[in-house]
Amino acid sequence: MSSPCRHGEDAGAYVLNALEDDEARAYAAHLETCAPCREEVAALQVVVDTLPAGAPRLSAPPELKRRIMAVVEAEAELLRASGPEADRVPAPVAAKRGRLGRLSGRPGRALALACTILVVGGVAGVAIEHGRDGGPSTRTVQAAVTGQGRAALELTGSRAALKVDGVPSLPEGRVYQVWFVKPGRSTPEPTHTLFNVRRDGRATVAIEESVKGVKQVLVTAEPDGGSRQPTSAPVISATAA
Amino acid sequence: MSASLHELADEDLMQLVRKGRPDAFECVYERHSSAAFSLAYRMTQNRNQAEDVVQDAFLSLWRSNARYDRNRGSVRTWVLGIVHNRAIDSLRRSVVHDRRRASDEGLEERFAAPERTDAEVARRDEAREVRAAIRTLPTEQSRVIELAYFGGFTHSEIATMLETPIGTVKGRMRLGLGKMRDQLGGLAAEAT
């Protein structure tokens with residue numbers, strides 16, 4: 001079973017995902033041309049596939065299922081509403097998620113979904129004008145929320161604030177990030193506005209950047225420190241213009 | 001959820017998931033979420049992080065970014081592979097990777113999964129076999145395998161941790177897995 005190839009010593013570390021990223025890529029390329037190493041990797045992989053059984057058996061928390069199914073049901077509804085076109089955006093393949101602040105590789109369907117949500121947000125958004133004595137009026141736009149909670153965008157001139165209520169708080173290491181979508185641009189632009197919600201799911205967030213020329217405001221859950229491109233589907237979207 | 005969905009094989013459910021059927025997804029989730037959470041928790045030793053990993057993995061499955069290919073093994077193996085990769089990513093992003101082990105002690109007792117079906121009893125037996133196979137290895141081999149697979153450490157991190165040459169660490173991984181294959185025999189074949 002052991003490969004006589006000098007690279008065979010990497011087989012165990014490779015199947016355990018213990019090689020460094022560059023080593024793993026190099027070994028994967030080597031496997032393309034080395035049948036003995038391929039054979040050994042296949043033989044060891046079946047052992048690695050049994051290892052999860054060695055973990056103490058726990059039940060997944062019921063609230064986890066509720067959270068996941070809320071997202072799934074909402075996305076299924078949005079995809080149904082948008083028809084077969086929603087499935088035509090190819091999802092890119094990413095071998096591994098990136099480190100903090102780097103695109104972690106699955107924007108395709110997420111962006112397709114974002115576009116879908118944008119449409120729904122545009123339809124669902126309700127604008128309410130609040131006149132203020134002599135100052136710029138404030139317009140409140142109800143946002144579309146995927147999953148639990150409600151959200152509204154308050155627009156005053158070129159400034160905006162996001163108010164959320166009942167939105168799930170994120171686990172340690174995750175943060176909500178605000179994104180802008182501008183006309184004619186398919187990719188959301190990141191902002192520096194990162195936030196989390198209080199225990200009761202509420203937050204009022206002043207968006208740091210000007211919303212002048214912004215068509216849509218999106219919110220996604222990202223790793224701490226934010227990302228340069230969305231790494232998850234939007235949970236909130238609101239029409240800004 | 002339709003009762004007939006429960007009668008479908010995982011592979012057939014995945015076809016429906018690809019078509020955007022939430023009820024089929026729910027069925028796949030119910031079958032494999034406990035194993036997924038168990039693995040994620042064993043790796044992260046933190047409930048919130050484990051939930052995040054499982055959520056990320058299953059939503060990835062739902063969004064079809066992770067494409068199931070039945071030629072590459074069972075749905076269960078595939079799902080757990082996604083969870084493993086996501087947990088490793090999560091661990092390697094964490095600045096407290098090597099200090100995370102003390103949190104959430106006692107979760108096993110609070111969330112221990114009941115055994116309700118024949119399949120779950122069979123999995124318990126499978127778990128015993130796997131743990132027994134690991135125990136039969138020399139300590140230095142089982143340790144590097146556990147640190148790599150469940151700890152998410154790279155071979156060079158393990159070499160530093162154990163003050164052992166990298167080549168020795170790789171060799172122990174390879175030898176240990178080879179011995180486990182001999183021990184597990186049919187069980188390893190069933191996992192594919």
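Here are some short exercises, each with a worked solution, on a predicted model of a complex with chains A and B.

**Exercise 1. Find out how far the predictor trusts the complex and chain B, and where in chain B confidence is lowest and highest among the elements.**

Solution. Begin with the whole complex: the predictor gives an ipTM of 0.82 and a pTM of 0.61. Next, turn to chain B, whose mean pLDDT is 81, with 78% of its residues at 70 or more. Now go element by element. Helix α2 of chain B (residues 22-44) has the highest mean pLDDT, 94, while helix α5 of chain B (residues 107-111) has the lowest, 43. Finally, look at the stretch that ends with that helix: over residues 97-111 of chain B, pLDDT stays under 50. For this stretch the model has 19 contacts beyond four places in sequence.

**Exercise 2. Describe the overall make-up of chain B: how many helices and strands does it have?**

Solution. Count the elements, and you should get ten helices and zero strands. Reading along the sequence gives the pattern α-α-α-α-α-α-α-α-α-α. Then check burial: of the 192 residues in chain B, 45% are buried. Last, take the contacts in chain B between residues at least 6 apart in sequence; 61% of these join residues at least 24 apart.

**Exercise 3. Work out how helices α3 and α4 of chain B pack, and which residues make the contact.**

Solution. Two packed helices are described by the angle between their axes and the distance between the axes. Here, α3(B) (residues 47-62) and α4(B) (residues 75-93) pack at about 130 degrees, with their axes 9 Å apart. An angle of that kind makes α3(B) oblique to α4(B), and their crossing is right-handed. Now list the partners. From α3(B) come Q49(B), D52(B), V53(B), V54(B), D56(B), A57(B), S60(B) and L61(B). They meet V79(B), I82(B), V83(B), R86(B), A87(B) and S90(B) of α4(B). Sorted by class, the residues of this contact are eight nonpolar, three polar and three charged.

**Exercise 4. Do the same for helices α8 and α9 of chain B: at what angle do their axes cross?**

Solution. The axes of α8(B) (residues 155-162) and α9(B) (residues 166-184) come within 9 Å and cross at roughly 110 degrees. The two helices are therefore roughly perpendicular, since angles of 65 to 115 degrees fall in that class. As for handedness, α8(B) passes α9(B) in a right-handed crossing. On the α8(B) side, the contact uses H155(B), S156(B), I158(B) and A159(B); on the α9(B) side, I166(B), V169(B) and K170(B). By class that gives four nonpolar, two polar and one charged.

**Exercise 5. Characterise the contact between the chains, from the side of chain A.**

Solution. First the totals: 53 residues of chain A and 69 residues of chain B take part. On the chain A side, the elements giving two or more residues are α1 (11-15), α3 (35-48) and α4 (62-82). The largest share, ten residues, comes from α4(A). By class, this side holds 31 nonpolar, seven polar and 15 charged residues.

**Exercise 6. Place V15(A) in its surroundings: is V15(A) buried or exposed?**

Solution. Locate V15(A) in helix α1 of chain A. Then count neighbours: V15(A) has 24 C-beta neighbours inside 10 Å, so V15(A) counts as buried, the cut-off being 20 or more. Beyond four places in sequence, V15(A) is in contact with V41(A), L44(A), Q45(A), V48(A) and, from the other chain, L177(B). To finish, compare sequence with space: V15(A) and D49(A) are 34 residues apart in sequence, and their C-alpha atoms are 9.4 Å apart.

Methods:
Residues are numbered from 1 along each chain as its sequence is written. Chains are lettered from A and ligands numbered from 1 in the order in which they are written. This is a predicted model: local features need pLDDT of at least 70, side-chain atom pairs count only at pLDDT 80 or more; totals for chains, interfaces and linings use all residues. Two residues are in contact if their C-beta atoms, placed from the backbone, lie within 7 Å. Helices (H or I, at least four residues) and strands (E, at least two) are DSSP runs, numbered from the N terminus. Ala, Val, Leu, Ile, Met, Phe, Trp, Tyr, Cys and Pro count as nonpolar, Asp, Glu, Lys and Arg as charged, and the others, Gly among them, as polar. pLDDT is the predictor's confidence in each residue, from 0 to 100. Axes are lines fitted to C-alpha atoms, for helices over the stretch in contact, and angles run from 0 to 180 degrees between N-to-C directions. Angles under 35 degrees count as roughly parallel, over 145 as roughly antiparallel, 65 to 115 as roughly perpendicular and the rest as oblique. A crossing is left-handed if the near helix is turned anticlockwise from the far one by less than a right angle, and right-handed if clockwise. A residue is buried if 20 or more other C-beta atoms lie within 10 Å of its own, exposed if 12 or fewer, and partly exposed in between; C-beta atoms are placed from the backbone.
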